[in-house]
Amino acid sequence: MSPYDLNFRHLLAVSAIAQLGSVSRAAGEVHLSQPALTQALVKLEQQFGHRLFDRRPDGMSPTAAGAEVVERIDRAANELARAFELEPTEASARLAPDSRAMLRRVSFTHLRAVIAAVDSGNFVLATRATGISAPSIHRAVRDLERLAGVALFERRGRSVAPTAHARRFVSAARRAVAEIEAAV
């Protein structure tokens, strides 16, 4: 299993469960329904091959495996949150939401697409490297640019040049993916 097989929003929800001690409280924090979060947790436990929480009448607490996974999730989230604290332009500063709130909208597809585009310098080559369709690569890059409020690439004909923001974001994204990979 690869980190790219996981749902980043669900991982953030696991961290919220650990912090708040219940699925119900965490569901409100991460803006998922309680049944959806319960299903996500069961799926993640299957994917990791370990029970992540001990369930008790008074709440939930992480197992040893769960505590390790939560620690890695938190590190990954911190890396990405710092990456979203880019120096936005004056116009985008009015629109950019809090970096932690942005994390709930980021997916591993976003991260994979931007990393591949920076590495290859071309969306077509990024498509070949990842197996993600060209329209999905373009959409993922546009989504992240919109979320961050900054341009991540300068378009130059058929190629793209990463901006300083993109290089900083990709560096953080690589560290975040490495944290989740270590958890896996």
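Me: Which residues of helix 7 and helix 9 meet?

Reply: In this predicted model, helix 7 contributes T109, H110, A113 and V114, which meet I137, A140, V141, D143 and L144 of helix 9. Sorted by class, the contact of helix 7 with helix 9 comprises six nonpolar, two polar and one charged residues.

Me: What makes D143 the kind of residue that is counted as charged?

Reply: The charged class consists of Asp, Glu, Lys and Arg, and D143 of helix 9 is among the residues in this contact.

Me: Why is helix 7 called roughly perpendicular to helix 9?

Reply: The two axes come within 9 Å and cross at roughly 100°. Angles of 65 to 115 degrees count as roughly perpendicular, and helix 7 is therefore placed in that class relative to helix 9.

Me: Why, then, is helix 7 called oblique to helix 8?

Reply: The axes of helix 7 and helix 8 cross at roughly 120° and come within 8 Å. The roughly perpendicular class ends at 115 degrees and the roughly antiparallel class requires over 145, so helix 7 is oblique to helix 8. The crossing of these two helices is right-handed. On the side of helix 7 the contact involves R112, A116, A117 and S120, and on the side of helix 8 it involves F123, L125, A126 and T130. By class, these divide into five nonpolar, two polar and one charged residues.

Me: Why are helix 1 and helix 4 described as oblique to each other?

Reply: Helix 1 (residues 8-20) packs with helix 4 (residues 64-84) at about 120°, the axes being 9 Å apart. That angle lies outside the range of 65 to 115 degrees and is not over 145, which means that helix 1 and helix 4 are oblique. Their crossing is left-handed. Helix 1 supplies F8, L11, L12, V14, S15 and A18 to the contact, and helix 4 supplies V70, I73, D74, A76, A77 and L80. Ten of the residues in the contact of helix 1 with helix 4 are nonpolar, one is polar and one is charged.

Me: What makes Y4 and F108 an aromatic pair, and of which kind?

Reply: By the rule for ring centres, the count comes to three aromatic pairs. For Y4 and F108 the centre-to-centre distance is 6.2 Å and the angle between the planes is 90°. Centres must lie within 6.5 Å, and planes over 60 degrees apart count as edge-to-face; the pair of Y4 and F108 is accordingly edge-to-face. Y4 belongs to the segment before helix 1 and F108 to helix 7 (residues 108-120), so that the pair joins parts of the chain 104 residues apart. Ring pairs also link Y4, F8 and F108 into a cluster.

Me: Are Y4 and F108 buried, partly exposed or exposed, and what are the grounds?

Reply: Y4 has a relative accessibility of 28%. Buried requires under 20% and exposed over 50%, so Y4 counts as partly exposed. F108, at 3%, falls under the 20% limit and counts as buried.

Me: Why is the pair of F123 and F153 assigned its class?

Reply: The ring centres of F123 and F153 are 5.7 Å apart and the planes stand at 75°, so the pair is edge-to-face. F123 lies in helix 8 (residues 123-130) and F153 in strand 3 (residues 153-156), so the pair ties together parts 30 residues apart in sequence. Both F123 and F153 are buried.

Me: How do you know whether E145 is buried or exposed?

Reply: The relative accessibility of E145 is 14%. The limit for buried is under 20%, so E145 counts as buried. E145 lies in helix 9 (residues 134-148). Residues up to four places away in sequence aside, E145 touches V150, A151, L152, F153 and R155.

Me: How are H31 and D54 classified by relative accessible area, and why?

Reply: The relative accessible area of H31 is 51%, and H31 is therefore exposed, the cut-off being over 50%. H31 is found in the loop between helix 2 and helix 3, and its phi is near 60°, a positive value in a residue other than glycine. D54 has 28%, which means that D54 is partly exposed. D54 is placed in strand 1 (residues 53-56). Apart from neighbours within four places in sequence, D54 is in contact with G59, M60, S61 and T63.

Technical notes. Residues numbered from 1 in each chain as written. Predicted model: local features only at pLDDT ≥ 70, side-chain atom pairs only at ≥ 80, totals over all residues. Heavy atoms only, no water. Axes fitted to C-alpha atoms, helices over the stretch in contact; angles between N-to-C directions. Helix = DSSP H or I, 4+ residues; strand = E, 2+ residues; numbered from the N terminus. Parallel < 35°, antiparallel > 145°, perpendicular 65-115°, else oblique. Left-handed = near helix turned anticlockwise from the far one by under 90°. Contact = heavy atoms within 4.5 Å. Phe/Tyr/Trp six-rings, centres within 6.5 Å; stacked < 30°, edge-to-face > 60°. Buried < 20%, exposed > 50% of the residue type's maximum accessible area, 1.4 Å probe, protein only.
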